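Subject: Structure handover

Hi,

Here is the structure I said I would pass on. Could you load it and keep it open while you read the rest?

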Amino acid sequence: MITLDGLTKVFPAPGGGADVVALDDIDLTVDAGQIHGIVGRSGAGKSTLIRCLTGLEKPTSGHVSIDGTDIAALDGASLRAARRNIGMVFQHANLLDSRTAAQNIAHPLEIAGVPRARREQRVAELVELVGLSGREHNHPAQLSGGQVQRVGIARGLAAEPKVLLCDEPTSALDPSTTRQILTLIRDLRDRLGITVVIITHEMSVVREVCDAVTLLEGGRVVQSGGLLDVASDPHGPLSSELIPLPPAPTGISALVVNCDYGDSETLRTSDDLVRLAGERGAHATIVAGTIETIGGRQVGRVQLALRNDSGAPISREGLDAFIHALDAQGVVAQEVTR
Ligand SMILES: Nc1ncnc2c1ncn2[C@@H]1O[C@H](COP(=O)(O)OP(=O)(O)O)[C@@H](O)[C@H]1O
Ligand SMILES: [Mg+2]
């Protein structure tokens, strides 16, 4: 549905100096109907990527194909036509204060010259679709932050795009409103079959709504894949971001080992780890852990305190043997130094 092929964008340095490579040879595919998260630190290239997707920015080299159309090759009227297939949602909806919610939603349709009767019918549909019924005659000042973002989403969907690009759509919202907006985005994907790209710095957004995720760093793709695949790959950078571990406990007398059982075929839950320790003569207690269910599978990392029969920390040899046994079954384990 969306294919980036060798996408590169180089900006000349503002004051002379070395050029800035904002995007460096990006290959990426977003399947139709997928919700794909793009994450990365500030300066990683996320906004440049989304501007290339909308045709606002011309790539230095490479291709940007949306639904089979090479956006980067278009100009003028053909670019405007292609952009009608792309809806945008921003962090701040920037509504027109003098217009009601419904009038704000109608605005892009007015600009596109849609006749009044059709416009009114479409706005009514959109108001219903984003859950704003009863609020459509409110002005922005009379709407909550979540309602304002619903107007922003409705406006982005006005022209019935196949793709919705969201740049930090929930970054200005509180956690419970964030969840409602993410639920709405997923509902819209389910009901309309649209493809969604969400740029975000919030890992909770990725966990809650994305089917796939791509991590950018310095304009390059560092990791990309299905949510379960990246979350359960302990060697990749995204797993510890998606499933962070709470701080190691202090004040206990035991050796503590950190276990990441995400992609093990045999050790799938923390109970399995405790059992394996038992088979090796160690009593394991879970002292810290983060476990998420992603795609119906438990993905997690836990810290186990290991003691022997008399309640003392197990020997270093015992620990090494345990770590080795875990390793053999695909669990990445490491002693936690405290
Ligand atoms: N118009 C521009 N001119 C020069 N440099 C730019 C321009 N836009 C972005 N950059 C640079 O490109 C890099 C990526 O920026 P950006 O895409 O905004 O990152 P992000 O959205 O991930 O924070 C940064 O180093 C930024 O300074
Ligand atoms: Mg940005």
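Below is what came out of going through the sheets, the spaces and one loop residue.

First, a caveat: this is a predicted model, so please read everything here in that light.

**The six-strand sheet**

Start with the open sheet of six strands, which has the order 6-7-8-3-9-10 and mixed pairing. Strand 6 (86-89) and strand 10 (220-226) sit at the edges with a single partner strand each, so one side of each has no neighbour in the sheet. On average, neighbouring strands here are turned by 15° against each other, if you ignore direction.

Walking through the pairs from strand 7 (residues 163-167), you find it parallel to strand 8, with five bridges joining the two. Leu-164 has Val-196 as its bridge partner in strand 8. Strand 8 also pairs in the parallel sense with strand 3 (residues 35-39), this time over four bridges, and here Val-197 is the bridge partner of His-36. Strand 3 then runs parallel to strand 9 (residues 212-217), again with four bridges; in that pair, Ile-38 is matched with Thr-214.

The sense changes with strand 9 and strand 10, which run antiparallel and are joined by six bridges. Thr-214 turns up again here, standing opposite Ser-224 in strand 10. These two strands make a hairpin with two residues between them, where Gly-218 takes a positive phi near 55°.

How is strand 7 connected to strand 8? Together with helix 6 (residues 175-192), they make a right-handed β-α-β unit.

**A closer look at strand 8**

Is strand 8 (residues 195-199) mostly covered or mostly open? It is mostly covered: five of its five residues are buried, and the cut-off for that word is under 20% relative accessible area. In a regular strand, side chains alternate between the two faces of the sheet. In strand 8, Thr-195, Val-197 and Ile-199 point one way, while Val-196 and Ile-198 point the other way, and all are buried.

**The four-strand sheet and helix 1**

There is also an open sheet of four strands, in the order 2-1-4-5 and with antiparallel pairing. Its edge strands are strand 2 (20-30) and strand 5 (69-70), each of which pairs on one side only. Strand 1 (residues 2-11) and strand 4 (residues 61-66) run antiparallel, joined by five bridges, and Thr-8 stands opposite Ser-61 of strand 4.

Helix 1 (residues 46-53) is worth selecting in your viewer. It lies across strand 1, strand 2 and strand 4, at about 120° to strand 1. Helix 1 also lies across strand 3, strand 6, strand 7, strand 8 and strand 9, where it runs at about 155° to strand 7.

**Cavity and pocket**

How many cavities of 30 Å³ or more are there? The count comes to one, and the space in the largest cavity is about 40 Å³. Its lining is made of Ile-2, Leu-4, Leu-28, Val-30, Ile-38, Leu-49, Leu-53 and Val-197. Strand 1, strand 2 and helix 1 each supply at least two residues of that lining.

The largest pocket has a volume of about 800 Å³. It is lined by 23 residues, and the closest to its centre are Arg-83, Ile-86, Gly-87, Met-88 and Pro-108. Two or more lining residues come from each of helix 1, helix 2 (76-83), strand 6, helix 3 (101-111) and helix 5 (145-157). Helix 3 gives the most, with four residues.

**One loop residue: Gln-329**

Last, have a look at the loop between helix 11 (316-328) and strand 14 (332-335), which is where Gln-329 sits. Why does Gln-329 count as partly exposed? Because its relative accessibility is 28%, and the class runs between the cut-offs of 20% and 50%.

Which residues does Gln-329 touch, leaving aside neighbours within four places in sequence? The contacts are Ser-264, Glu-265, Thr-266, Leu-267 and Leu-276. Of these, Thr-266 is 63 residues away in sequence, yet its C-alpha lies 6.6 Å from that of Gln-329.

Cheers

Technical notes
Residues are numbered from 1 along each chain as its sequence is written. Chains are lettered from A and ligands numbered from 1 in the order in which they are written. This is a predicted model: local features need pLDDT of at least 70, side-chain atom pairs count only at pLDDT 80 or more; totals for chains, interfaces and linings use all residues. Side-chain values use heavy atoms; hydrogens and water are left out. Buried means under 20% relative accessible area, exposed over 50%, partly exposed in between (1.4 Å probe, protein chains only). Two strands pair if DSSP finds at least two bridges between them. A crossover is right-handed if, with the strands pointing away from the viewer, the path from the first strand over the helix to the second runs clockwise. Contact means heavy atoms within 4.5 Å. Axes are lines fitted to C-alpha atoms, for helices over the stretch in contact, and angles run from 0 to 180 degrees between N-to-C directions. On a 1 Å grid over the protein atoms alone, a cavity is a set of points where a 1.4 Å probe fits but cannot get out, and a pocket is an open set with protein on both sides within 12 Å along at least five of seven lines; lining residues have an atom within 4 Å of a point. Grid points are joined across faces, edges and corners, and a volume is the space filled by probe spheres set on the points.
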